[in-house]
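Work through the exercises below with the coordinates open. Try each task before reading its solution.

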Amino acid sequence: MSQREAVVILDFGSQYSQLIARRVRELEVYCELIPYNAPAEQITRLNPLGFILSGGPASVYAKDAPHLPDVVLNSDKPVLGICYGMQLLTYHLGGKVDPGAEREYGPADIDIINADVPLFGRVEGRQLPVWMSHGDRVTELPAGFRPLAKSKNSPYAAIGHPERGLYGLQFHPEVTHTPQGKELLRAFLVDVCGCSGGWTAGNFIDESTAQVRAQVGSGQVVCGLSGGVDSSVVAALLHRAIGDQLTCIFVNTGLMRQDEPQQVVQTFEKEMHARLIAVDATEDFLGALAGVTDPEAKRKIIGEKFVRIFEAEARKLGQVDFLAQGTLYPDVIESASRDEQKVAAKIKTHHNVGGLPEDMHFQLVEPLRYLFKDEVRAVGEALGLPKEIVWRHPFPGPGLAVRLLGDITWERLETLRAADAIFIEELWASGWYHRTSQAFVVLLPVQSVGVMGDYRTYGNVAAIRAVTTDDFMTADWARLPADLLARVSNRIVNEVAGVTRVVYDISSKPPATIEWE
């Protein structure tokens with residue numbers, strides 16, 4: 001892994017940090033997002049060809065401002081500072097940063113005043129529309145730097161020391177509101193850092209199978225199979241790497257969608273040829289969750305219950321040392337896991353990251369840990385998995401427990417399952433299933449008055465949610481047609497006993513998350 005061509009993105013707390021990583025990966029260069037205050041050995045572990053410094057909410061001159069690790073400048077590798085990252089680079093090299101007379105948020109135009117540098121070698125034109133988001137600005141350049149671009153409010157909208165490969169951008173090239181931002185990043189990666197690109201699903205598979213073999217050796221591995229794309233790709237990848245050393249365990253938690261347990265087993269036996277053990281633990285999970293309404297408590301209970309079941313099944317197999325999971329990069333970023341430092345605040349605990357018990361008896365095998373969802377799908381296709389698995393909407397590890405707000409009972413689960421099945425059926429029938437990235441129903445812990453026939457009713461409220469996204473780090477609500485929404489609402493109210501009202505969630509991520517809990 002240390003031999004892989006890579007760059008490191010140091011995270012200073014920007015809302016766009018993950019987006020920088022997405023853009024770099026899209027350019028087929030491997031990168032990792034690492035907290036600015038991580039140990040030096042973690043920052044240099046990948047032997048990066050360059051560094052990118054993210055934006056952030058702090059002011060560089062503040063007493064408790066995040067600092068620039070010495071290892072970055074001491075490495076003599078190229079550096080690209082973005083927004084706060086540019087100000088930090090300036091400040092640490094002897095320049096000056098002050099509060100701006102006016103803040104600069106949203107669209108702006110910059111004028112390129114020095115185009116003869118590698119960073120601007122791939123952009124077209126000398127005036128570029130960009131996206132700004134800053135209150136401070138650079139007012140005095142460090143020695144050896146020169147101005148490269150300016151805006152109405154920023155005399156130094158871009159700066160550079162080409163001889164050292166050091167550059168700063170006051171704007172955000174990673175967002176789509178900077179149309180030529182991707183070309184700026186490409187220029188930094190290729191023309192400044194010397195990256196050749198070519199990091200693809202194919203070579204990821206080769207690397208990962210080698211890493212799994214090295215980690216596992218002759219040991220036995222159990223893999224939690226849910227039927228979703230993440231666990232399916234993990235199972236296929238591990239089966240390629242270690243063959244019969246892998247045993248997949250499917251646990252019916254009672255928290256799955258309608259007819260899903262039977263479908264998962266049938267699909268797995270038809271498409272995958274690894275050993276499968278199916279366990280019905282419905283009563284165990286519902287018993288453990290009885291009376292629990294706190295979302296974090298639900299996740300931790302489910303995470304621990306999963307592991308205990310795996311441990312029990314593993315004991316029947318003999319000596320098993322490893323547990324394989326479909327943990328993805330967004331899971332890692334959004335969870336404050338115990339083994340990684342985090343700059344961003346914890347959003348929620350993912351059951352397969354922060355919800356694992358401390359005394360777990362397995363070593364984790366997580367080959368997808370640094371992949372985004374679309375990259376996982378590409379790996380799945382490269383492994384030859386069926387499209388109905390690869391392109392299926394993701395389903396959360398805790399299942400319907402995080403879509404059933406409040407008490408979890410069998411009756412409420414059945415109500416939610418029936419409503420969710422109607423919504424998904426109508427999305428397929430209308431051609432909207434693959435036009436959305438994730439869609440589901442949430443059953444709320446409130447009741448609402450209704451009228452059915454000549455009678456006044458008082459029943460449940462169901463919220464339907466559909467989003468579009470490329471990476472699941474940000475998402476927008478899907479603009480479903482009004483007639484489709486009306487049809488879904490009408491069917492749920494008429495066909496699902498106890499539901500009297502249907503609402504549509506039009507929240508984006510951020511500020512909301514995709515799931516409700």
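## Exercise 1: Surroundings of Ser232

Task: find which residues Ser232 touches, leaving out those up to four places away in sequence.

Solution. Ser232 touches Leu225, Gly227, Met272, Leu385 and Ile389. Bear in mind that this is a predicted model. Next, place the residue: Ser232 lies in helix α7, residues 229-242. Then check its accessibility. The relative accessible area of Ser232 is 4%. Buried means under 20%, so Ser232 is buried.

## Exercise 2: Helix α6 against helix α7

Task: describe how α6 and α7 cross, and list the residues that make the contact.

Solution. Start with the axes. Helix α6 spans residues 201-216. Its axis comes within 9 Å of that of α7, and the two cross at roughly 65°. Now the hand: the crossing is right-handed. Then the residues. From α6 come Phe204, Ile205, Ser208, Thr209, Val212 and Arg213. From α7 come Leu237, Leu238, Arg240, Ala241 and Ile242. Finally, sort them by class: 7 are nonpolar, 2 polar and 2 charged.

## Exercise 3: The nonpolar cores

Task: identify the largest nonpolar core and the element that gives the most to it.

Solution. The largest nonpolar core has 66 residues. Those with the most contacts inside it are Leu10, Val221, Val233, Leu238, Leu246, Leu368 and Val379. Helix α7 gives the most to this core, with 9 residues. Now take one of the listed residues. Leu246 touches Val221, Cys223, Ala235, Leu238, His239, Ala274 and Arg275, residues up to four places away in sequence not counted. Look for another core as well. A second, separate one has 47 residues, including Ile309, Phe423, Ala439 and Val493. As background, nonpolar side chains tend to be buried together in soluble globular proteins.

## Exercise 4: Helix α14 against helix α15

Task: decide whether α14 is roughly parallel or antiparallel to α15, then break the contact down by class.

Solution. Take the geometry first. Helix α14 covers residues 410-430 and helix α15 covers residues 482-495. They pack at an angle of about 150°, with axes 10 Å apart. Angles over 145 degrees count as roughly antiparallel, so α14 is roughly antiparallel to α15. The crossing of α14 and α15 is right-handed. On the α14 side, the contact uses Ala419, Ile422, Phe423, Glu425, Glu426, Leu427 and Ser430. On the α15 side, it uses Leu484, Arg487, Val488, Arg491, Ile492 and Glu495. By class, that contact has 7 nonpolar, 1 polar and 5 charged residues.

How values were computed:
Residues numbered from 1 in each chain as written. Predicted model: local features only at pLDDT ≥ 70, side-chain atom pairs only at ≥ 80, totals over all residues. Heavy atoms only, no water. Axes fitted to C-alpha atoms, helices over the stretch in contact; angles between N-to-C directions. Helix = DSSP H or I, 4+ residues; strand = E, 2+ residues; numbered from the N terminus. Parallel < 35°, antiparallel > 145°, perpendicular 65-115°, else oblique. Left-handed = near helix turned anticlockwise from the far one by under 90°. Contact = heavy atoms within 4.5 Å. Nonpolar A, V, L, I, M, F, W, Y, C, P; charged D, E, K, R; others polar. Buried < 20%, exposed > 50% of the residue type's maximum accessible area, 1.4 Å probe, protein only. Core = buried A, V, L, I, M, F, W, Y, C linked by side-chain atoms within 4.5 Å.
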